[in-house]
Amino acid sequence: VQLQASGGGLAQPGGFLRLSCAASGVIRSSNMAWYRQAPGKQRELVAALSSSGSTNYADSVKGRFTISRDNVKNTAYLQMNSLSPDDTAVYYCSGDWGWGVYWGQGTLVTVSS
């Protein structure tokens, strides 16, 4: 399975971006997640979406970010609103199919005025 993350870029504080994670396989039965890694920091979980539809968010993004999936397009999304400079990081998507965990290549999000 290959995951292709896209949608990163430069956003102003208070702005928004939507990240996409396109999978080469069927994601209906997978647990999808977004992680991020800021310079000099460890990779952290941002948001997760189970195959049953339950979600989990880091406290720092609750109320601002939304994870979703389109099982027809085999794509997961991360809608990011009210962005702040603290959200600047490389964002990675991952998919857990139970028999294996796969990672996308990362997409850079920079929040700056």
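Contact, as the word is used on this tour, means heavy atoms within 4.5 Å. The structure on your screen is a predicted model, and every value below is computed from it.

**First stop: Ala23 and its neighbours**

Begin by selecting Ala23, which is found in strand E3, and display whatever surrounds this residue. Leaving aside residues up to four places away in sequence, Ala23 touches Gln2, Leu3 and Asn74. If you draw a distance between the C-alpha atoms of Ala23 and Leu3, you should read 4.6 Å, although the two residues are 20 apart along the chain. Ala23 has a relative accessibility of 15% and therefore counts as buried, the limit being under 20%.

**Second stop: Asn74 and Ser82**

From Ala23, move to its contact Asn74, which lies in the loop between E7 and E8. The phi angle of Asn74 is near 55°, a positive value in a residue other than glycine. Asn74 counts as buried, because its relative accessibility is 16%. Select Ser82 next, in the loop between E8 and E9; Ser82 is not a glycine either, yet has a positive phi of about 50°. Is Ser82 buried or partly exposed? At 45% relative accessibility, Ser82 counts as partly exposed.

**Third stop: the disulfide**

Now show the cysteine side chains: a search of the whole structure finds one disulfide, and this bond joins Cys21 to Cys93 with an S to S distance of 2.2 Å. The pair links distant parts of the chain, since Cys21 sits in strand E3 and Cys93 in strand E9, 72 residues apart. The torsion about the S-S bond of Cys21 and Cys93 is about 65°, so the disulfide is right-handed. Cys21 counts as buried at 1% relative accessibility, and Cys93 is also buried, with a relative accessible area of 1%.

**Last stop: the nonpolar core**

Finally, select Trp34, Val46, Phe65, Leu78, Met80 and Tyr91, which touch the most other members of the largest nonpolar core, a set of 29 residues. Strands E1, E3, E4, E5, E7, E8, E9 and E11 each supply at least two residues of this core, and the largest share, four residues, comes from E3. To see how one of these members is surrounded, centre the view on Leu78: beyond residues up to four places away in sequence, Leu78 touches Leu17, Arg18, Leu19, Trp34, Val46, Ala47, Phe65, Thr66, Ile67 and Tyr91.

Methods: Residues are numbered from 1 along each chain as its sequence is written. This is a predicted model: local features need pLDDT of at least 70, side-chain atom pairs count only at pLDDT 80 or more; totals for chains, interfaces and linings use all residues. Side-chain values use heavy atoms; hydrogens and water are left out. A nonpolar core is a set of buried Ala, Val, Leu, Ile, Met, Phe, Trp, Tyr and Cys residues joined through side-chain atoms within 4.5 Å. Buried means under 20% relative accessible area, exposed over 50%, partly exposed in between (1.4 Å probe, protein chains only). A disulfide is a pair of cysteine sulfur atoms within 2.5 Å.
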